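Here are a few notes from my pass through this one, with the helix packing up front and the overall picture after that. Have the structure open while you read.

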Amino acid sequence: MFSSEVLSEAQQVVSEALAAGLTVASAESCTGGLVAGALTAISGSSSVLKGSVVSYTIEIKQKVLGVSKDIFDDPSLGAVSEPCAAQMALGVREVIGSDIAVSVTGIAGPTGEEPGKPVGTVWFGINSKNFTHTVCKHFSGNREQVREAAVLQALQLIHEAIVKA
């Protein structure tokens, strides 16, 4: 189901979060719960992963995660944007009550391309009580490859946040 690279990164996240006594959460759109799925593939993850929100629609991003309506009303922003990723990460950390939260929102394809946002564009947010960081990546490949690359990137961001904590 997951590549060995994704499982290896998930194992590192679980091991290091356990050692640091930290919990994590995810807010996922284009990955549809795969970040949480990769973490729960690892034994011991129940002590690390507090929960996940699959916020595939704008409605859920707003109602559950508290993403501002203004982001969706601005044609230059929308669901696949830096502020959306940042607010998703903050929102899920607050809703779930985790130490660290990651968000993933993007265009996995093969359709959905927008002006300035080609298929493979994915925004990530990482949030803790001490920082919020966002990053945009452009992945190539088919839908499955884009989603797999996004899961790996999200896990790497969690790993980096654990090291910073």
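1. Start with the two helices at the ends of the numbering. In this predicted model, α1 (residues 4–20) packs against α6 (residues 143–164) at an angle of about 25°, and their axes are 9 Å apart. That angle makes α1 roughly parallel to α6, since angles under 35 degrees count as such. The crossing of α1 past α6 is left-handed.

2. Now the residues in that contact. On the α1 side you'll find Glu 5, Val 6, Glu 9, Ala 10, Gln 12, Val 13, Glu 16, Ala 17 and Ala 20. They meet Glu 148, Val 151, Leu 152, Leu 155, Gln 156, Ile 158, His 159, Ile 162 and Val 163 in α6. Sorted by class, the contact of α1 with α6 comes to 11 nonpolar, three polar and four charged residues.

3. On annotation: UniProt, in an unreviewed entry, puts the feature "domain: CinA C-terminal" at residues 10–161. In the model, the C-alpha atoms at the two ends of residues 10–161 are 14 Å apart, and the span is 41% helix and 22% strand.

4. Zooming out, the protein has six helices and five strands. Walk along the sequence and they come in the order α-β-α-β-α-α-α-β-β-β-α. The radius of gyration is 15 Å, close to the 15 Å that the globule rule gives for 165 residues, so the protein is as compact as a globular protein of that length.

5. For framing a figure, the C-alpha atoms fill a box of roughly 45 × 30 × 25 Å along the principal axes.

Note on methods
Residues are numbered from 1 along each chain as its sequence is written. This is a predicted model: local features need pLDDT of at least 70, side-chain atom pairs count only at pLDDT 80 or more; totals for chains, interfaces and linings use all residues. Side-chain values use heavy atoms; hydrogens and water are left out. Axes are lines fitted to C-alpha atoms, for helices over the stretch in contact, and angles run from 0 to 180 degrees between N-to-C directions. Helices (H or I, at least four residues) and strands (E, at least two) are DSSP runs, numbered from the N terminus. Angles under 35 degrees count as roughly parallel, over 145 as roughly antiparallel, 65 to 115 as roughly perpendicular and the rest as oblique. A crossing is left-handed if the near helix is turned anticlockwise from the far one by less than a right angle, and right-handed if clockwise. Contact means heavy atoms within 4.5 Å. Ala, Val, Leu, Ile, Met, Phe, Trp, Tyr, Cys and Pro count as nonpolar, Asp, Glu, Lys and Arg as charged, and the others, Gly among them, as polar. UniProt positions are given in the numbering used here, feature names are shortened, and annotations may be inferred rather than shown by experiment. The radius of gyration is taken over C-alpha atoms; the globule rule is 2.2 Å times the number of residues to the power 0.38.
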